[in-house]
Amino acid sequence: MDYMQQALVLARLALGQVSPNPPVGAVIVANDTIVGQGYTQPPGLPHAEIMALRQAGEAARGAVLYVTLEPCCHYGKTPPCTKAIIEAGIKEVHLAVSDPNPLVSGAGARELEDHGITVYKGEHAAEASELTEAFCKYIVTRRPFVTAKFAMSLDGKIATRSGDSRWISGVESRRLVHHLRYISDAVMVGANTIRVDDARLTVRCCGGKGGMVKKQPLRVVMDSRLRTGPGARLLHEPGSTIIATLKPADEKKKQALLDSGAEVLECDGSEGRVDIHQVMTILGEREITSLLVEGGGVLLGSLFDQGLVDKVTVFIAPLVLGGARAKTAVAGKGAALISESLRLNRVKVENIGDDIVITGYTREQTCLPA
């Protein structure tokens with residue numbers, strides 16, 4: 001059996017549910033038998049290694065630990081996992097990727113080795129790195145990992161010339177979008193998306209994975225002119241909503257939104273638009289590690305123009321909409337030359353129903369094998 005693969009399966013159960021901690025899976029093996037396993041619990045509760053050690057009990061002595069991220073070696077909301085691993089008598093540790101947290105960053109592995117524990121590094125590193133990509137960016141930059149998601153026709157349109165956009169992608173693709181929301185701390189859209197689609201931006205499937213309590217992602221609307229009305233559906237759904245607008249905000253509109261349960265975030269800006277960098281900083285301060293941006297084209301264009309996108313997920317439907325005035329997925333300034341365009345790396349192409357899903361990254365990995 002591939003024990004690190006099992007640890008990755010466990011880590012996925014925590015994905016999007018334990019921020020700002022990373023989703024980690026751990027498996028303890030003695031005499032070719034799994035005697036303990038676990039995954040990260042919500043903040044303040046045990047890490048994956050502790051859950052596995054508790055299940056293993058005395059069987060952990062002389063056993064082998066497989067863990068998807070380097071064990072922590074510092075005191076935070078919980079004691080260091082390295083101390084518990086050493087005290088439990090684990091003889092060998094396999095870790096997939098090292099932790100970029102400056103408080104760990106190789107020190108966890110060294111502490112284990114200093115206590116006579118053999119450490120192996122790098123098994124299934126690419127898969128483990130993808131699982132911890134949001135944490136890795138956040139812990140280094142204190143800003144969220146940004147995924148740009150959009151659905152478009154074969155000719156790159158996100159709506160017809162009349163503005164009709166439901167539905168470009170198929171049922172299977174839309175189900176996957178709910179999963180993307182499920183694993184994200186926050187979802188962001190522009191004000192026009194709310195005005196035209198009256199989007200709810202909630203997770204309406206995927207709940208209850210691994211028995212964990214599902215939190216709705218924080219909803220963020222970039223609304224420079226405060227056009228979102230108090231009757232917008234997303235304001236009356238479970239979870240919290242932030243409306244980011246230019247300061248000073250219209251007091252009457254602001255109060256109406258506050259009365260509907262929204263938080264109105266008054267921000268700096270220029271050329272009539274909210275400073276997106278300031279919003280990213282504020283989200284980071286609130287321990288938002290992953291942000292899914294679902295449109296529209298103006299917001300996505302701004303994010304791409306300013307180099308704020310980390311990952312792209314595009315759903316391409318077998319439709320041709322045509323129309324010179326039909327909206328494209330990404331607006332903004334864009335590239336003047338092909339040589340200046342953004343080319344994704346680590347690209348993955350999948351079929352979902354009749355659609356094609358392309359996923360890629362704008363920059364190199366943050367979490368790498370030690």
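**View 1. Glu92 sits across from Thr118, a residue of strand β5.** Keep in mind that this is a predicted model. Zoom out a little and you'll find strand β4, residues 92-97, linked to β5 by four bridges. The two strands, β4 and β5, run parallel.

**View 2. Here's the whole open sheet, built from five strands.** Reading across, the order goes β2-β1-β3-β4-β5, and the pairing is mixed. Which strands stand at the edges? Those are β2 (33-39) and β5 (118-121), and each has a single partner strand, so one side of each has no neighbour in the sheet. Ignoring direction, neighbouring strands in this sheet are turned by 15° against each other on average.

**View 3. Now for a pair of helices: α2, residues 48-56, packs with α3, residues 81-88.** Their axes lie 9 Å apart, at an angle of about 25°. Angles under 35 degrees count as roughly parallel, and α2 and α3 are therefore roughly parallel to each other. As for handedness, α2 goes past α3 in a left-handed crossing.

**View 4. A closer look at the residues that make the contact between α2 and α3.** On the α2 side, look for Glu49, Ile50 and Leu53. From α3 come Cys81, Ala84, Ile85 and Ala88. How do these residues of the contact sort by class? Six are nonpolar and one is charged, with no polar residues in the contact of α2 with α3.

Technical notes:
Residues are numbered from 1 along each chain as its sequence is written. This is a predicted model: local features need pLDDT of at least 70, side-chain atom pairs count only at pLDDT 80 or more; totals for chains, interfaces and linings use all residues. Side-chain values use heavy atoms; hydrogens and water are left out. Axes are lines fitted to C-alpha atoms, for helices over the stretch in contact, and angles run from 0 to 180 degrees between N-to-C directions. Angles under 35 degrees count as roughly parallel, over 145 as roughly antiparallel, 65 to 115 as roughly perpendicular and the rest as oblique. A crossing is left-handed if the near helix is turned anticlockwise from the far one by less than a right angle, and right-handed if clockwise. Contact means heavy atoms within 4.5 Å. Ala, Val, Leu, Ile, Met, Phe, Trp, Tyr, Cys and Pro count as nonpolar, Asp, Glu, Lys and Arg as charged, and the others, Gly among them, as polar. Two strands pair if DSSP finds at least two bridges between them.
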